Structure formats: structure tokens, C-alpha cells
Amino acid sequence: MAEEEDYMSDSFINVQEDIRPGLPMLRQIREARRKEEKQLEANLKNRQKSLKEEEEERRDIGLKNALGYENKGFALLQKMGYKSGQALGKSGDGIVEPIPLNVKTGKSGIGHEALLKRKAEEKLEGYRRKIHMKNQAEEKATEQFRMRLKTKQDEMKLEGDLKRSQRACQQLDTHKNVQVPREAWYWLRPEQENEEEEESEEKEHDEDEYESEDLSVLEKLQILTSYLREEHLYCIWCGTAYEDKEDLTSNCPGPTSAAHD
């Protein structure tokens, strides 16, 4: 007979246990997860389907199956010559499949979905209108900028033509021994080197400048080009002094810059 072990001996007291950190906690988590999965499986097996779920299943099964001869409506259609898969109508241009069944599952009243759809369409239309107005505003701003730029360029061109006319008028008048221009602004006013002469003429110049300020650049240009054509038979855009009025009328396109484009 084998000798029984002493439960008070060192072989029982000094047993080395696995005391790695976190190991007992991991075992408990695995065990709890295993129990939870088993409980879920048992609940799924024992769960009874709700009335709503049973109705949906029966409806899906019924919709998947085609009508048979036991259906009175289908039997009447067959007596009138209908065959399965054939389109309805005397000429066969009707529907082939039955009208789909749309089951309303929500609690909202009749017409609520149409109302939501209409509101969504109105919101989308408002957004489109807003984008359209924004694009129109941007296009308008761009067009206004182009117009301002064109106006500025036109003004610079008019000023350049006026200076050319003043310079030509001064040269042609001087060539005819004209000492004083008909109007002060007909000629380009030279810079005064002598301060005394500038002071003595300041008052007279101010009066002439005040009178010329009433005229725009375009008006000055029209007056001065007319003077050049009548008095000197000269066109600043042609750059030519003609022999007589007939020569000017025949060979010059016109009294404006646009006529020479």
C-alpha cells in the first residue's frame, strides 16, 4: 500500500502558482463573453416573432408567388384570353407586372410624405435660385468692371487725341503767324521759366481755365477738330493737311475717331 501524502508537508504548502499580472482578469473576461454568446444564441432560438414580423414574412411570400388558377380574378382573365406573362389591354400595350405594393409603415398621416417631398423640392429650388442670383451678381460685377475699364481707356484716348489736336493747332497757327490762340486751351500751355511772367499771367490764365472747365474733354476735342478742319483743312487722325475742302471731304473718312477705325 502506497504511503499517503502529508497535506501539511512542504509539497502542498509551497506550491508555485501562476501569478502573471492581468492573467486572472483575462480569464474572467473570456468566460463572461462565452456565457453572453451562449445566452444570445438561446434567446434567438426561443424568441417568438412579433405579429408585425409574421405579417411581413407572409406578405413577402405572397408577393413572390405568382397568381394561380385558384385565384378568381386570374381565372376570369384566362377566360377572356389572357395568358401568363402577356401584357394587358386589347392591343397588348398595357402593363406586364402587377402594380407594386407600397406598404406604409410609419405613423404619419396620409400625405405627409408628399408634404416632405414638396418641402425638399422647394428647399432645393431656393438653393438653386440663390446660386443663380449669386452667379448673376458676379457676372454683373465683372461687366461693370469691364465697363469702368473701357470708360477709363476711352477717357485716356480722348485726352491723347485732344493733346495731339492742341499740338497740331499750335503748329499750324504759328505757321500762319497767329500769335494768340482763338481760345487759351486751343494750344498746349508751355511751362513758364520766368516766375514773374507766370505771376503776371496767372490771373488771366485762371479766367481762361475756369471757362474751359465748363467743357468736357470730348466737347473740347469736337470743337478743336472742327476748327482744324475749317481753318487748316487738317485731320489729326489722317495726319494730313488737305489742299481744299473738296479734297478733305473726298479723302477723309470723317470728323471723328470712330470714322477712321
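I will go through the aromatic ring pairs of this predicted model and then two patches on its surface.

Residues are numbered from 1 along each chain as its sequence is written, and side-chain values use heavy atoms, with hydrogens and water left out. Because the model is predicted, local features need pLDDT of at least 70 and side-chain atom pairs count only at pLDDT 80 or more, while totals for chains, interfaces and linings use all residues.

Let me start with the rings. Searching the whole structure gives two aromatic pairs, where rings of Phe, Tyr and Trp (its six-membered ring) pair if their centres lie within 6.5 Å, and planes under 30 degrees apart count as stacked, over 60 as edge-to-face and the rest as tilted. Trp185 and Tyr186 make an edge-to-face pair, 4.8 Å centre to centre with 70° between the planes, and Tyr186 also pairs with Tyr227 in a tilted arrangement, at 5.1 Å and 55°. Since Tyr186 lies in the loop between H5 and helix H6 (195–212) and Tyr227 in helix H7 (residues 217–231), this pair ties together parts that are 41 residues apart in sequence; the helices here are DSSP runs of H or I, at least four residues, numbered from the N terminus.

How buried or exposed is Tyr186? At 5% relative accessibility, Tyr186 counts as buried, as do Tyr227 at 9% and Trp185 at 12%, where buried means under 20% relative accessible area, exposed over 50% and partly exposed in between, with a 1.4 Å probe and protein chains only.

Turning to the surface, Ile95 is found in the loop between helix H4 (72–79) and helix H5 (112–175), and at 45% relative accessibility it counts as partly exposed. Glu54, in helix H3 (residues 51–64), is likewise partly exposed, at 32%.

Definitions and conventions
Helices (H or I, at least four residues) and strands (E, at least two) are DSSP runs, numbered from the N terminus.
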